[in-house]
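Biologist: Before we discuss this model, I would like each label justified. Please show the structure and start with the internal spaces.

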Amino acid sequence: MADIAVTEVSKGLRDAIARLETGENMESTGVVTRVGDGVAWVHGLRNAGYAEVLEIQTKQGVVEAFALNLMEDEIGAVLLGSDKDVVAGDPVKLKGVVLEVPVGPELLGRVVNPLGQPLDGGPAITTKENGLVERPAIGVMGRKGVHEPLMTGIVAIDAMFPIGRGQRELIIGDRQTGKTAITLDTMINQGRQKTGVVNIYVAIGQKLSKVARLVERLKQEGVMEQTIVVATGPSDPASLLYLAPYAGAAMGEWFRDNAKHALIIYDDLTKHAVAYRQMSLLLRRPPGREAFPGDVFYLHSRLLERAAKLSDELGAGSLTALPIIETQAGDISAYIPTNVISITDGQIFMETDLFYQGIRPAISAGLSVSRVGGDAQTKSVKSVSGRLKLGLSQFRELAAFAQFGSDLDDATKKQIERGQRLTELLKQPQYSPLSIWEQVASIFAVNEGHFDNVPREKIKDAQAALLAKLAKEHRKEMDALNTGSEKIEADSATGKLLAKVAVAAAKGFEQ
Ligand SMILES: Nc1ncnc2c1ncn2[C@@H]1O[C@H](COP(=O)(O)OP(=O)(O)OP(=O)(O)O)[C@@H](O)[C@H]1O
Ligand SMILES: [Mg+2]
């Protein structure tokens, strides 16, 4: 029985190939020879280019695919839809375009798949423009230095590892260490501070329930109108997971190229690399070592190069990228992490130990770095953050051997206590990004020693009291401070005001 069926199929296929080869259009037509696991092999189509869209005419309708393996007599194509209707012998046509997605402001507030089709049950999306999914990055002359801040609202980041618009900052750490939480707070902050920065959140193989919760939160916070969510779940074909970040980048580039500012989050690129490996194996690229396939580096470098701060001639728009990478047992020296670390302008490293000690966000002060954001940091934050970093690093050094002895001299004891208070201060619950003046006032109060008599466990209460008092009684000065242009010194008018209120706020909590 089975033998007859196989013979029939292969006869049908042979006939289809014979018809194809006697016809004139081998350049732009072909025939499916094998199919399975979301990959189709096509005979013919001599003119196909890399990432070009193919249309497979099945009995049930057209299924689109894109060409990835171009070989002498055969093409390996990845299906964009289900492979269940595609059979050997189906005719294939070149669509004559490379893969594009809808781009533009019409997508704001929507949840879409990597092809720009709605997943939120809303109406179909019609945009005026389409953007190329694979597009070369802007060249050197089209760019300029990163110089405007992208405020995350997370004090530890804005003060110590500032991010500038157009920068690429990696967020890296083990699972469940608060990586997504940081990016969610950053998106919320763009809404609260009315920065006008558009958020694009790309979920790569994330549980859809998690994505739904995130969207719910964005709505609740009122920032969904300035956000686009590109979502793929674990059960989506690898081809969609592979496309998701490039599609998101194309959507972000529209804002960048129209003199606006956008922030894109890739959550996460570890799953993206896995999807690409899966596709590569199915496409029969020869497997090798851990570094399989050989172009994983190129996969991520060409993606992250699309984040940029454009030159004035090009409108000075920006696309900032926050890729996420998941590590195993804190190992940042594995293949994918080292790749992405070398492509980005710095990393925020999340430490599992800190997370479980309750120091959240669990940002490692020693292993995190931001290489270009310093130029973008606001003057006010910069003027208080130098001493914050110094205080913390001295604290880390001293704390290590202070565990062994109790008879420390007064100066050392003081530094340790200051460090403990700074550590307390940098703890920040989720969904509570702070504005510039709130960050400056808080750091200033601890740096200047105004909270030295407040016990450690009361530091957050004292901070809250300080901020409430300032917001209520000194609104005008705080609004001015919020522009970030003032350098804060202890003997300046603002410095004196902050000191006065800090001393008063501390009173209620001192022992
Ligand atoms: N600053 C914070 N304060 C308190 N809880 C937090 C904080 N940040 C994250 N959490 C909590 O920690 C848990 C893990 O956070 P999150 O999902 O952001 O981590 P993740 O690293 O993205 O995890 P995964 O690896 O599963 O993607 C969540 O329950 C979250 O609510
Ligand atoms: Mg996460």
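Modeller: This is a predicted model. Its largest cavity has a volume of about 80 Å³.

Biologist: What makes a space a cavity and not a pocket?

Modeller: A cavity is a set of grid points where a 1.4 Å probe fits but cannot get out, whereas a pocket is an open set. Counting those of 30 Å³ or more gives two cavities. The second largest cavity holds about 50 Å³.

Biologist: Which residues line the largest cavity?

Modeller: Its lining consists of Y50, A51, F66, L68, V98, L99, V133, E134, Y242 and L243. At least two lining residues come from strand 4 (61-70), and at least two from helix 5 (238-257).

Biologist: How do you divide that lining by class?

Modeller: There are nine nonpolar residues, no polar ones and one charged residue. Glu counts as charged, so E134 is placed in the charged class. Tyr counts as nonpolar, and therefore Y50 and Y242 are placed in the nonpolar class.

Biologist: And what lines the second largest cavity?

Modeller: The residues are P149, L150, M151, D158, P162, I163, Q377, T378 and V381. They divide into six nonpolar, two polar and one charged. Asp counts as charged, so D158 belongs to the charged class.

Biologist: A51 is in the lining of the largest cavity. Is A51 buried or exposed?

Modeller: A51 has a relative accessible area of 11%. Buried means under 20%, so A51 is called buried. A51 is in the loop between strand 2 (39-44) and strand 3 (52-58). Its phi is positive, about 65°, although A51 is not a glycine.

Biologist: Where else is there a positive phi at a residue that is not a glycine?

Modeller: At D37, with phi of about 50°. D37 is in the loop between strand 1 (29-36) and strand 2 (39-44).

Biologist: Why is D37 called exposed?

Modeller: The relative accessible area of D37 is 60%. Exposed means over 50%, so D37 is called exposed.

Biologist: P245 is in helix 5. What makes P245 buried?

Modeller: Its relative accessible area is 0%. The cut-off for buried is under 20%, so P245 is buried.

Biologist: Which residues does P245 touch, leaving out those up to four places away in sequence?

Modeller: P245 touches V202, I204, Y266, H272 and L303. Contact means heavy atoms within 4.5 Å, so each of these residues has a heavy atom within 4.5 Å of one in P245. As for Q430, it lies 185 residues from P245 along the chain, and the two C-alpha atoms are separated by 25 Å.

Biologist: Let us turn to the peptide bonds. Which bond ending at D268 is cis?

Modeller: The bond from D267 to D268 is cis, with omega near -5°. D268 is in the loop between strand 13 (261-267) and helix 6 (269-282).

Biologist: What is the omega of the bond from R360 to P361?

Modeller: Omega is near -5° there, and the bond is cis. P361 is in the loop between helix 9 (352-356) and strand 17 (369-370).

Biologist: Now the pockets. What is the volume of the largest pocket?

Modeller: The largest pocket has a volume of about 850 Å³. It is lined by 33 residues, and those closest to its centre are Q176, G178, T180, A181 and K210.

Biologist: How do you know that these are lining residues?

Modeller: Lining residues have an atom within 4 Å of a grid point. Helix 3 (179-192) and helix 4 (208-220) each supply at least two residues of the lining of the largest pocket. Helix 3 has the largest share, six residues. By class, the lining of the largest pocket has 13 nonpolar, eight polar and twelve charged residues.

Biologist: Which residues lie nearest the centre of the second largest pocket?

Modeller: L354, I359, L392, F395 and T423 do, out of 20 lining residues. The volume of the second largest pocket is about 450 Å³. Helix 2 (155-160), helix 10 (379-402) and helix 11 (410-426) each supply at least two residues of this lining. The largest share, four residues, comes from helix 11. The lining of the second largest pocket has ten nonpolar, five polar and five charged residues.

Methods:
Residues numbered from 1 in each chain as written. Chains lettered and ligands numbered in written order. Predicted model: local features only at pLDDT ≥ 70, side-chain atom pairs only at ≥ 80, totals over all residues. Heavy atoms only, no water. Buried < 20%, exposed > 50% of the residue type's maximum accessible area, 1.4 Å probe, protein only. 1 Å grid on protein atoms, 1.4 Å probe; cavity = no way out; pocket = protein on both sides within 12 Å on 5 of 7 lines; lining within 4 Å. Points joined across faces, edges and corners; volume = space filled by probe spheres on them.
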